[in-house]
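The following paragraphs lead the reader through one protein model, from a single side chain to the overall fold, the core, the aromatic contacts and a pocket. Please keep the sequence and the coordinates at hand while reading.

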Amino acid sequence: MTQLLAAAKDTFTRKGFAATTMDDIAGAARMSKKTLYKLFESKTELFRAMLLGSLPDTDFADAPWEGSPTSRLRNTLREAADVALTPGEIALQRLIIGERQASPALGRMFAEIIIDAGTERVVDLLKAVRLQPRFEAVPLRLIAEMLFGMVFGHDHFRLLTDTGFRLNRRVLDRRIDLAIATFCAPDDQADELPRRG
């Protein structure tokens with residue numbers, strides 16, 4: 001199944017959703033169209049499965065990581081970046097943006113499966129984090145959305161629009177630390193933002 005979903009993702013991002021046929025995907029996956037239709041009734045159903053397959057296997061909220069809640073939040077944001085900002089994911093997002101007129105359901109599907117699921121995972125983690133006093137009355141979903149915006153906004157937009165842009169992991173990690181420090185009270189000295197050197 002993993003090989004099929006990878007072949008589907010590659011074909012969709014290369015040809016576009018509307019131009020891709022089930023024959024194309026079956027050929028790329030080296031299977032018959034009949035077998036493909038036994039697994040998926042439609043191209044849209046296959047696209048949904050491909051999106052679900054791109055989610056990390058770990059349920060971040062239940063992950064048995066050691067460390068403080070703030071450390072687990074930091075790790076979650078880093079793992080989300082490792083998935084969301086890869087060339088393959090950026091290509092998929094460009095496809096969805098490019099196909100928004102002809103296939104508006106793709107954007108809604110992406111938002112439901114990827115964006116909403118990631119936001120809910122961060123909300124679950126925020127339940128265990130001590131927030132800065134000024135944010136204690138703010139809904140956790142709003143804080144999660146703002147964290148994602150602060151962490152990914154710049155790099156995500158640049159990767160979508162500028163093929164020459166290269167992600168700087170050190171800068172991204174610094175942005176994650178700053179975003180967390182904006183909303184979360186330090187658990188202890190180890191969670192305080194590192195001083196500039």
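Is Ile97 buried, partly exposed or exposed? In this predicted model, Ile97 has a relative accessibility of 42% and therefore counts as partly exposed, since that class lies between the limits of 20% and 50%. Ile97 is placed in helix α6. Along the chain, Ile97 and Gly107 are 10 residues apart, and their C-alpha atoms are separated by 7.4 Å.

The fold may be considered next. The protein contains 9 helices and 0 strands, and its pattern along the sequence reads α-α-α-α-α-α-α-α-α. Of the 197 residues in the protein, 41% are buried.

In soluble globular proteins, nonpolar side chains tend to be buried together. Here, the largest nonpolar core comprises 28 residues. The members that touch the most other members are Leu73, Leu77, Val122, Leu126 and Leu147. Two or more residues of this core come from each of the helices α5 (69-84), α7, α8 (140-161) and α9 (169-183). Helix α8 supplies the largest share, with 8 residues.

Helix α7 spans residues 104-126 and includes Leu125. With a relative accessible area of 5%, Leu125 is buried, because the value falls under the 20% limit. Leu125 also takes part in a contact between distant positions of the sequence: Arg72 is 53 residues away along the chain, yet the C-alpha atoms of the two residues are 7.5 Å apart in space.

The aromatic side chains offer another view of the packing. The whole structure holds 5 aromatic pairs. In one of them, the ring centres of Phe12 and Phe17 are 5.5 Å apart and the planes meet at 25 degrees, so this pair is stacked; the angle satisfies the requirement of under 30 degrees. Phe12 has a relative accessibility of 0% and therefore counts as buried, and Phe17, at 8%, is buried as well.

How are the rings of Phe12 and Phe47 arranged, stacked or edge-to-face? Their centres lie 5.1 Å apart with 75 degrees between the planes, an edge-to-face arrangement. Because Phe12 belongs to helix α1 (residues 2-15) and Phe47 to helix α4 (residues 43-53), the pair ties together parts that are 35 residues apart in sequence. Phe12 and Phe47 are both buried. Together, Phe12, Phe17 and Phe47 make up one aromatic cluster. A charged side chain adjoins this cluster at Phe17: Lys43 lies over the face of that ring, 4.5 Å from the ring centre.

The last topic is empty space. Rolling a probe the size of a water molecule over the atoms shows where empty space is left. The second largest pocket holds about 170 Å³ of space. Which residues line the second largest pocket? The lining consists of Leu85, Thr86, Pro87, Ile90, Arg94, Leu159, Asp162, Thr163, Phe165, Arg166 and Leu167. By class, these lining residues divide into 6 nonpolar, 2 polar and 3 charged. Helix α6, which covers residues 87-98, gives the most to this lining, with 3 residues. The same helix is the place of Ile97, the partly exposed residue with which this account began.

Conventions:
Residues numbered from 1 in each chain as written. Predicted model: local features only at pLDDT ≥ 70, side-chain atom pairs only at ≥ 80, totals over all residues. Heavy atoms only, no water. 1 Å grid on protein atoms, 1.4 Å probe; cavity = no way out; pocket = protein on both sides within 12 Å on 5 of 7 lines; lining within 4 Å. Points joined across faces, edges and corners; volume = space filled by probe spheres on them. Helix = DSSP H or I, 4+ residues; strand = E, 2+ residues; numbered from the N terminus. Nonpolar A, V, L, I, M, F, W, Y, C, P; charged D, E, K, R; others polar. Phe/Tyr/Trp six-rings, centres within 6.5 Å; stacked < 30°, edge-to-face > 60°. Buried < 20%, exposed > 50% of the residue type's maximum accessible area, 1.4 Å probe, protein only. Lys NZ or Arg CZ within 6 Å of the ring centre and 35° of its normal. Core = buried A, V, L, I, M, F, W, Y, C linked by side-chain atoms within 4.5 Å.
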